[in-house]
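This report describes how the helices of one chain pack against each other and what lies between them. The sequence and structure come first.

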Amino acid sequence: VFGVAVSVAGTVYLVWAVNWLSALLGLGTLASYLFFYTPLKTRTPLSTLVGAFPGAMPPLIGWAASGSGVGIEALVLFAMLFLWQFPHFYAIAWMYREDYARAGILMLPVVEPDGISTSRQVICYAALLVPVAQPYVPVLRKFPLRCAYSRHLASSRSTCGRGSVNTGGPGSAPEFSVSPAPSSQKTPPPS
């Protein structure tokens with residue numbers, strides 16, 4: 001009952017506060033996850049393929065929420081996230097294949113425990129990800145963020161480039177800040 005109430009409220013909120021397209025995409029994501037992916041997990045290893053669709057929908061929903069419809073940029077983000085999920089989930093499934101087997105979840109490493117099919121799938125989807133993402137690498141160079149949060153920082157305050165991370169110590173959330181690029185600094189041309 002709670003899940004249904006929250007789902008309805010979320011969809012109504014998207015219609016009211018954002019737009020119809022993002023609400024429809026969100027509802028489609030919810031329906032495909034609940035009614036297709038979830039029941040298939042105990043029936044077929046193809047559930048990973050089915051689940052990759054709702055798993056890759058957030059960029060489309062966000063793009064639609066911006067009022068831009070669903071353009072090529074959103075579709076490329078969808079494709080990157082879709083393709084990334086296979087190496088990601090198959091690696092997890094390989095590590096925890098015994099747990100998945102005990103739970104009755106038919107991930108590929110459970111039904112084909114030799115790892116040959118799993119490794120082929122990981123390599124194929126990772127290879128497909130390269131040409132999808134490659135044209136957008138020069139675009140990423142324009143973003144000012146030049147450092148990332150890491151749990152292995154030597155001190156509680158670290159800076160690199162124009163960004164900084166304050167880890168705040170154990171148990172606290174990291175603070176992330178980025179200062180704007182100086183106007184004299186130019187973005188290197190794409191190579």
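Helix 2 and helix 3 are roughly antiparallel to each other, a term for angles over 145 degrees, where under 35 degrees is roughly parallel, 65 to 115 is roughly perpendicular and the rest is oblique. Their axes cross at roughly 165 degrees and come within 9 Å, with helix 2 covering residues 20–40 and helix 3 residues 47–55. Axes are lines fitted to C-alpha atoms, for helices over the stretch in contact, and angles run from 0 to 180 degrees between N-to-C directions. The crossing of helix 2 and helix 3 is left-handed, that is, the near helix is turned anticlockwise from the far one by less than a right angle.

This is a predicted model, in which local features need pLDDT of at least 70 and side-chain atom pairs count only at pLDDT 80 or more, while totals for chains, interfaces and linings use all residues. Residues are numbered from 1 along each chain as its sequence is written, and side-chain values use heavy atoms, with hydrogens and water left out.

The chain has 9 helices and 3 strands. Helices (H or I, at least four residues) and strands (E, at least two) are DSSP runs, numbered from the N terminus. Their order from the N terminus is α-α-α-α-α-α-α-α-α-β-β-β.

Which residues form the contact between helix 2 and helix 3? Helix 2 brings Thr29, Ser32, Tyr33, Phe36, Tyr37 and Leu40, and helix 3 brings Ser47, Val50, Gly51 and Pro54; contact means heavy atoms within 4.5 Å. The residues of this contact divide into 6 nonpolar, 4 polar and no charged. Here Ala, Val, Leu, Ile, Met, Phe, Trp, Tyr, Cys and Pro count as nonpolar, Asp, Glu, Lys and Arg as charged, and the others, Gly among them, as polar.

Val50 of helix 3 has its C-alpha atom 8.3 Å from that of Tyr33, 17 residues apart along the chain.

Three residues can be set side by side by accessibility. Buried means under 20% relative accessible area, exposed over 50%, and partly exposed in between (1.4 Å probe, protein chains only). The contacts listed leave out residues up to four places away in sequence.

| Residue | Relative accessible area | Class | Contacts |
|---|---|---|---|
| Ser22 | 0% | buried | Leu14, Ile61, Ala64, Ala65 |
| Thr29 | 14% | buried | Pro54, Met57, Ile61 |
| Val50 | 25% | partly exposed | Phe36, Tyr37, Leu40 |

Both Ser22 and Thr29 lie in helix 2. In helix 4, Pro59, Leu60, Ile61 and Ala64 are buried, and what covers the buried residues of this helix includes helix 2 and helix 5. Just after helix 4, Gly67 takes a positive phi of about 90 degrees.

The largest nonpolar core has 21 residues, and Leu25, Met57, Leu60, Phe78, Phe82 and Phe86 have the most contacts inside it. Such a core is a set of buried Ala, Val, Leu, Ile, Met, Phe, Trp, Tyr and Cys residues joined through side-chain atoms within 4.5 Å. Helix 4 (58–65), helix 5 (72–95) and helix 8 (116–133) are the elements that give two or more residues to this core. Helix 5 gives the most, with 9 residues. Leaving aside neighbours within four places in sequence, Leu25 is in contact with Met57, Leu60, Ile61, Ala64 and Val70.

Over the chain, 25% of the 191 residues count as buried. Among contacts between residues at least 6 apart in sequence, 46% join residues at least 24 apart.
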